[in-house]
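Trainee: Before we look at any numbers, could you show me how to read the features of a model one at a time, with the general idea first and the case at hand after it?

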Amino acid sequence: WGRPVFCYESDMTLLFMDTEGLNSIDASETHHAKIFALAVLLSSYFAFNSLSAINEEAVRKLSLAAQLSKNVEFKVYGNETKEEAIAQFTPKFLWILRDFMLELRDLDNNPITSQQYLENSLSSRGGSKQSSEIRRCIINYFRDRDCITMPTAASQQGLSNLHILPKSKFNQEFLDTVDNLRTDLRTRCPVKRFMGQELQGKTLASLLENYVENINKGGVPNLTTAWEMVVENQNEETMEETQAHFENRIKSQFSELPIDTFELIHIFESVKVDSIAYFKKRAILQDEFTTQNLIEDLERHFDMVNQNLTLKNNAASGVACRKILQEVLSPLRERLSDDRTYSQEGMVKFSEDFQEALKTYKAKAVGPQDMTVLIDFLSDSEGQKMQSLQKRLAAEQETASNANKQLECANEEIEKLKQQIRSQKERHEDEKQRLEDERRKEKKKQQACKCTIF
C-alpha cells in the first residue's frame, strides 16, 4: 500500500495498491486466486500488465478471471445472471502491454486504436477452449475496459541497467506513454463504488477486514454479508459521530445562558438541520425506509438534548432575572422605611420610580423566566407593599379627581344658571321694548283722532 495521493484534477484522493505477480512459482494457485479476488474487489481501476501482444499466453495469465465467481460469494436477484451480478462489483479494467512492437492494424490492414485491438483480441474465436472461456469471462466481468501499449523503455543495453539509467537515455515515446498513463490514472480513475454507493476510505477498510477474515478462515469473501455488516457498523458509528457533532455544536452555540426562547429554537433547528446533513453525507443510506428510521432515531436524541438545554436555559434565566430585579429595585426598598415616601409628593415620586424600575427590568431581563420572576415578586410581601403605595396614591388621586370633577360640575351648573339669567333678562328687555313700542304707537294713534274732531 502506498501513501494516498490527492489529485487536484479530479478533486479526490487516490490510493495505489501493487500486488505480487500472478504466476509466481513460490505460491499456490489458491493463493494467487485470493490475491486476484482481493485486488478486483478493492479497486476501482484495475491495471493488468503483460509483455508484448495479447496472445494465448497473455490470456492464460488472466485465467483467474474465469475463477472469480468461485472465489467470491454473492446473491443473485431475479433474472440476473452470475456474470451480471459479478460485473456490479468489478472495477474499470486497463490492460497495459509493455514492450509492444506490433503495428496496430486489423485483419484488413486498417489502423486501429489500442482499445479496438483489445476488443478484437477478446472477441477472437481462435485458441483453446480454456482461453476462449477466459476471454468470455473478461468480456462479461470487466465491461468497462481499455488497453494501452507501451514501447520498449530503452535500448537493449540500457534495459539491463534501468535502475541506474538516466532519464535522458530512456525512449522518449516510452516516457510520453508513461506520462499519458499517469494522467489517465489521475483523471479517469472513478470513485470506488459498491452496491451503488460511493465508498469512503473507512468503509473500504471495513470491507477489506471482512474479506481477509473470511479468507483466513478458509472461506471466500461473501459480498452481500460483508456489505450488510459494513453498512450496519458504519451507520452505527456515523450515528454516534453525528450525535457528538450535534452536541459539540450545541455547546459552542450555547456557551452562555440564558438566551431568548425564540433565539434558542432558531439556533437549535439550524444545528439540527446541519447535523442531519452531516449524517447523510457520511452514512450509507440504501433505501428511504431505513433512512427515515435512522433520522427519526437521531431526532429523538436531538429532542432529548433540547429538553435538557431548555431546562438549563430556564434555570439560568431565573437566576439572571432575579439578579436584575434585585438591582433595579434595591434603591426603592430602602425608601419603603422612609416616612417621607408616604407623603403625597413622596408617593408620586415613588410610583414614578417604581414604573421606571419595571421598564428597566423588562429591557434587561432575558430568557423565558422574565415574566415569571416579575410575577413572583409582585406576589410576595415586598412587591405587595410597593404596589400598595401605588394603589394608595391612585386612590387619593382618584378622590382628588372626583372632587375636581364635582367642582367642575358645580361650576358648569352655575354657568348654566348665569346663562339662563342672561337669557331671561334679554327676553325681559325685548318684551319691555315691545311694550314701549306699542305704547308709542297707541299714543300717536290717539293724537291723530283729536286733530280730526277740531
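Mentor: Gladly, and keep in mind throughout that this is a predicted model. Let us begin with enclosed space.

Trainee: How many cavities of 30 Å³ or more does the count give, and which residues line the largest cavity?

Mentor: The count comes to 1 cavity of 30 Å³ or more, and the space in the largest cavity is about 40 Å³. Its lining is made up of Val40, Leu41, Leu68, Val72, Ile86, Phe89, Thr90 and Leu223, and by class these residues divide into 7 nonpolar and 1 polar, with no charged residue.

Trainee: What is the volume of the second largest pocket, and which helix gives the most to its lining?

Mentor: The second largest pocket has a volume of about 250 Å³, and among the 13 residues that line it, Arg105, Leu107, Tyr117, Asn120 and Ser121 are the closest to its centre. Helix H5, residues 114–123, gives the most to this lining, with 3 residues, while the classes of the whole lining are 6 nonpolar, 3 polar and 4 charged.

Trainee: Turning to helices, why does the end-to-end distance of H12 agree with its number of residues?

Mentor: The idea is to compare an expected span with the distance in the model. Helix H12 runs over residues 288–335, and because each residue should add 1.5 Å, its 48 residues should span 70 Å, which agrees with the 69 Å between its end C-alpha atoms. That agreement should be read together with the local geometry, since a kink of about 50 degrees lies at Leu329 in H12, shortly before the proline Pro331. At the N-terminal end of H12, Asp287 acts as the cap, with a side-chain oxygen 3.2 Å from the backbone nitrogen of Phe289.

Trainee: Is Ala85 buried or exposed, and how should I read the same quantity for Gly127?

Mentor: Relative accessible area is read against cut-offs, with buried meaning under 20% and exposed meaning over 50%. Ala85, which sits in helix H4, residues 82–87, has a relative accessible area of 1% and is therefore buried. Gly127, in the loop between H5 and helix H6, has 56% relative accessibility and so counts as exposed.

Trainee: What do distances in sequence and in space add for these two residues?

Mentor: They show which parts of the chain are brought together in the model. Ala85 and Phe74 are 11 residues apart in sequence, with their C-alpha atoms 7.8 Å apart in space, whereas Gly127 and Asn55 are 72 residues apart in sequence and 8.9 Å apart, again from C-alpha to C-alpha.

Trainee: Finally, which backbone angles deserve a careful look?

Mentor: Most residues other than glycine have a negative phi, and most peptide bonds are trans, so departures from either pattern are worth noting. Asp99, in the loop between strand S4 and H5, is not a glycine, yet its phi is positive at about 50 degrees; with a relative accessible area of 28%, Asp99 is partly exposed. Met195, placed in the loop between strand S6 and strand S7, likewise has a positive phi, near 55 degrees, and at 27% relative accessibility Met195 counts as partly exposed.

Trainee: Where is the cis peptide bond, and what is its omega?

Mentor: The cis peptide bond joins Leu257 and Pro258, with omega about 10 degrees, and Pro258 is found in the loop between helix H10, residues 223–253, and helix H11, residues 261–282.

Methods
Residues numbered from 1 in each chain as written. Predicted model: local features only at pLDDT ≥ 70, side-chain atom pairs only at ≥ 80, totals over all residues. Heavy atoms only, no water. 1 Å grid on protein atoms, 1.4 Å probe; cavity = no way out; pocket = protein on both sides within 12 Å on 5 of 7 lines; lining within 4 Å. Points joined across faces, edges and corners; volume = space filled by probe spheres on them. Nonpolar A, V, L, I, M, F, W, Y, C, P; charged D, E, K, R; others polar. Helix = DSSP H or I, 4+ residues; strand = E, 2+ residues; numbered from the N terminus. Expected span 1.5 Å × (residues − 1). Bend = angle between axes of the 7 residues up to and from the residue. Polar contact = N/O pair within 3.5 Å; in protein donor to acceptor, adjacent residues only side chain to side chain. Buried < 20%, exposed > 50% of the residue type's maximum accessible area, 1.4 Å probe, protein only.
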